[in-house]
Amino acid sequence: MTSTTPHPPPGPSRPSIGVLGSYGGFNIGDEAILTCVLDCLRAHRPRARLVVFSRNAAHTRDHQPEADTVVDWEGVPQKGLLDVLSGLDLLVLGGGGTLYDGEARRYLKLVRAAQERGVPTFAYAVGAGPLREPDDREAVRTVLARMDDVVVRDEESRLVLEEVGLEREITVTADPALLLEAEPFTDLMMQNEGVPTGTRLVGMSVREPGRAAENLDEGDYHALLADVADFLVGRLDAHVVFMPMERADVRHAHAVLSHMTAPDRGRILNEHYSPGQVLGFMRHLDLAVGMRLHFLIFAAVSGLPVLPLPYAGKVFDFARRTGAPALVGVAREQAGLLLAEVDRLWDEYPQRRAELQPRIQGLRTLAQSTCVRVGTLLDDLVPEPGPRREPAHSGLGLAAGVGPAELERPAGS
């Protein structure tokens, strides 16, 4: 159940903090969130015992060195799980999209169990919606009402919680992954993936239909994105690199590639990469077009103008907050409008880059404020004497090592 890390030994003011979310390697965005939440907690309380409730404990042990203890919470005996909950000083839910139909009640069952044992609880920049199922709505309404603080990552989530009937203060900040630090994505890694260097590259993200994207028509949007990819190849003389954020995305990237008239100019990243490496890959790109929220976040943090392909409120919200084009959806009849937006984005490239930077800096400041709030709550619960280390993500410029300022739109385009 435990993993050993070189952290200070327990002391009289060493709190135990649990972190619960969709963790375990299923989604690069969720893993990026976990990294940033753990970094925040570790920076605020270096001596804390950090307990991660994971859907795949082995993966989390291998990839999250800041976690002191990792606990499987699916398909395990409840007594051991409840014993771990009872020993916490604080349980943190999230961040990320945990509060939606079919999933909200599962996460909140653990939160409710912690509350019943007198453990304070904190919602860390969570995402909410869609919420139509009565059981999920009731769980959200009752459990979040008892939480010590509720912070959501976007305005859409606050509106969803208010519609459910949650009557309490809800603070809107920004996605924790905005504070992720980049790791190198080397030329050798590019070579191993068959991605050319010294040419224009456009990153593209596609996703599967599902509960979070239930209105997508699979064949329709595969053909639409193939049209977009072919347009990018012809208009920019570019190669298109499909970047899966979940393993299921690989199949849909292949489907889009099969519809392209220029499939030889497309590549799909096939290896497993850490969130920091995916963020580092962005420095090789000239433009980003895509669906997955954290693909868009990584691109924007890297200084890349992005064209979101909205399928859910969280993507609309991010487009609005970054000044990106906010299209009305992903459907084949919108092909002309979508291609026109791609064309405009390229024509206005330097201006879009300049406008993006202060917006991202503002969102990073908001993301940091969530860390400050959980730290303040923790200090109230378990006071710690003496000076404290500053949060790890106090720098609020573009992520280190990505989004070079000297990158400009190539001449003659």
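1. A residue is taken as buried when its relative accessible area is under 20%, and by that criterion 57% of the 413 residues of the protein chain count as buried. The coordinates under discussion are those of a predicted model, whose secondary structure comes to 14 helices and twelve strands. Of the contacts in the protein chain with a separation of 6 or more, 76% are accounted for by residues 24 or more positions apart.

2. Strand β11, which covers residues 287–290, contains Leu287, a residue that counts as buried because its relative accessibility is 0%. Once its neighbours within four places in sequence are left aside, Leu287 is in contact with Leu201, Val202, Gly203, Leu232, Leu236, Leu304, Pro305, Leu345, Trp346 and Tyr349. For one of these partners, Leu345, the C-alpha to C-alpha distance from Leu287 is 8.9 Å, across 58 residues of sequence.

3. Two of the residues in contact with Leu287, namely Trp346 and Tyr349, return in the discussion of aromatic pairs, of which the structure holds five. Among them is the edge-to-face pair of Phe185 and Phe281, with 4.9 Å from centre to centre and 75 degrees between the planes. Phe185 sits in the loop between β7 (171–172) and α7 (187–193), while Phe281 belongs to helix α10 (residues 275–281), so this pair ties together parts that are 96 residues apart in sequence. Both rings belong to buried residues, given a relative accessible area of 1% for Phe185 and a relative accessibility of 0% for Phe281. Trp346 and Tyr349 also form an edge-to-face pair, here with 5.2 Å between centres and 65 degrees between the planes; Trp346 counts as buried at 0% relative accessibility, as does Tyr349 at 1%. In addition, ring pairs link Phe185 and Phe281 with Tyr273 into a cluster.

4. Helix α11 (residues 293–301) packs with helix α12 (residues 313–322) at an angle of about 15 degrees, and their axes are 10 Å apart. Because angles under 35 degrees count as roughly parallel, α11 is described as roughly parallel to α12. The crossing in which α11 passes α12 is left-handed. On the α11 side the residues that meet the other helix are Leu293, Leu296, Ile297 and Ala300, and on the α12 side they are Lys314, Val315 and Phe318. Sorted by class, this contact has six nonpolar residues, one charged residue and no polar ones.

5. Two peptide bonds deserve a look in the backbone geometry. The bond that joins Gly94 and Gly95 is cis, with omega about 10 degrees, and Gly95 has its place in strand β4, residues 90–99. The bond from Gly129 to Pro130 is likewise cis, with omega near -5 degrees, and Pro130 lies in the loop between β5 (121–128) and α5 (134–145).

6. Positive phi values in residues other than glycine complete the backbone points. Ala125 has a phi near 50 degrees and lies in strand β5, where its relative accessibility of 0% means that Ala125 counts as buried. Asp237, which is not a glycine either, has a positive phi of about 55 degrees, and its place is in the loop between α8 (218–236) and β9 (239–242).

Definitions and conventions: Residues are numbered from 1 along each chain as its sequence is written. This is a predicted model: local features need pLDDT of at least 70, side-chain atom pairs count only at pLDDT 80 or more; totals for chains, interfaces and linings use all residues. Side-chain values use heavy atoms; hydrogens and water are left out. Helices (H or I, at least four residues) and strands (E, at least two) are DSSP runs, numbered from the N terminus. Buried means under 20% relative accessible area, exposed over 50%, partly exposed in between (1.4 Å probe, protein chains only). Contact means heavy atoms within 4.5 Å. Axes are lines fitted to C-alpha atoms, for helices over the stretch in contact, and angles run from 0 to 180 degrees between N-to-C directions. Angles under 35 degrees count as roughly parallel, over 145 as roughly antiparallel, 65 to 115 as roughly perpendicular and the rest as oblique. A crossing is left-handed if the near helix is turned anticlockwise from the far one by less than a right angle, and right-handed if clockwise. Ala, Val, Leu, Ile, Met, Phe, Trp, Tyr, Cys and Pro count as nonpolar, Asp, Glu, Lys and Arg as charged, and the others, Gly among them, as polar. Rings of Phe, Tyr and Trp (its six-membered ring) pair if their centres lie within 6.5 Å; planes under 30 degrees apart count as stacked, over 60 as edge-to-face and the rest as tilted.
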